[in-house]
Amino acid sequence: MLLRIYPMEYRGWFADEMRTAFEEGIAERSGEGRVALLGFVFGELASLISGAAAEWAARFVYALYHSNRYIGSSCLPNPNRICVPGVSRELYAAAHRGRPGTLRAIDDSGWCANAHQTFVLASPLRRLAISICSSVLPIHPAPARRGHPAEYDRLRHDPKKVSGS
Amino acid sequence: MNSETKPLSEPVFLMLMSLAAKPRHGYALIKDIELLTAGRVRLTTGTLFGALRRLLDDRLIERFEDEDRIRDKKSYQLTEAGLRQLEIELDRMKQLTRAALARLRAREEEQS
């Protein structure tokens, strides 16, 4: 029940695994006496609460700049939106053709295709809010570590590869 | 400091180290890390899955369905980027260890 305090996307990804890990931990600790079991349960509860707070914060920051899910599809263009000015055709096509697991479309400025798309389609007021927020909260917390995948760079510099789309 | 060389947190480093040997599911990671650190570090569920989410987001690990298992469990494995990150971290630690040993040796020589 405590898993309900996590964001919905997070629960969709990890709830079953978290439940299984917790149950296995309980089964293991139950043979070690009440004190060990209680210590384990309190430790788990504290970590679940702090973990949920961290996830909500991550989701909130992500939602400021993006329009898709913050896990799995993060940073890829939202397929429900049309290709708009400000997002290059190659980038858009490359992102749509690539599998989310192998492609990350962050350009040289550190903005991903989804953030571009969101900014271009936003109302003037929201654009202002995004501009102000981005000076305080980074759009991508660790851009260098995410990097450009080789496939993205290849498609980006070879438009023929995506001309069919 | 370049963020590419920014030190990894201990739980993240241990998780990458554990996954370098072979793919594992969530609880197996907790157990292996406990073993690796001789019981010093026991990750809680909240810490483990929060870190797994960030590693997935950074494409340092990937998740797949493990068909061999009786229970429906997802397993995690290191990506090329994850392996590279682990190597960078190991190089950083080796460099620090060498520097620390050199300082200790210099101190011993001064005292003797």
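Mentor: Happy to go through this predicted model with you. One definition to begin: a residue is buried under 20% relative accessible area, exposed over 50%, and partly exposed in between.

Trainee: Thanks! Which of those classes does A:Ser88 fall into, and where does A:Ser88 lie?

Mentor: A:Ser88 lies in the loop between helix 2 (34-65) and helix 3 (89-97) of chain A. Its relative accessible area is 35%. Since values from 20% to 50% form the middle class, A:Ser88 is partly exposed.

Trainee: How far apart in space are the C-alpha atoms of A:Ser88 and A:Ala113?

Mentor: Along the chain, A:Ser88 and A:Ala113 are 25 residues apart. In space, their C-alpha atoms are separated by 8.8 Å.

Trainee: And how far is A:Glu23 from A:Ala46, C-alpha to C-alpha?

Mentor: A:Glu23 is found in helix 1 (residues 8-29) of chain A, and with 41% relative accessibility it counts as partly exposed. A:Glu23 and A:Ala46 are 23 residues apart in sequence. From C-alpha to C-alpha, the distance is 16 Å.

Trainee: Over in chain B, which strands stand at the edges of the sheet?

Mentor: The open sheet has three strands in the order 1-3-2, with antiparallel pairing. Two strands each have a single partner strand, so one side of each is left without a neighbour in the sheet. Those are strand 1 (24-25) and strand 2 (61-65) of chain B.

Trainee: Which residue is the bridge partner of B:Arg24?

Mentor: Strand 1 pairs with strand 3 (residues 74-78) of chain B in the antiparallel sense, over two bridges. In strand 3 of chain B, the partner of B:Arg24 is B:Tyr76.

Methods
Residues are numbered from 1 along each chain as its sequence is written. Chains are lettered from A and ligands numbered from 1 in the order in which they are written. This is a predicted model: local features need pLDDT of at least 70, side-chain atom pairs count only at pLDDT 80 or more; totals for chains, interfaces and linings use all residues. Side-chain values use heavy atoms; hydrogens and water are left out. Two strands pair if DSSP finds at least two bridges between them. Helices (H or I, at least four residues) and strands (E, at least two) are DSSP runs, numbered from the N terminus. Buried means under 20% relative accessible area, exposed over 50%, partly exposed in between (1.4 Å probe, protein chains only).
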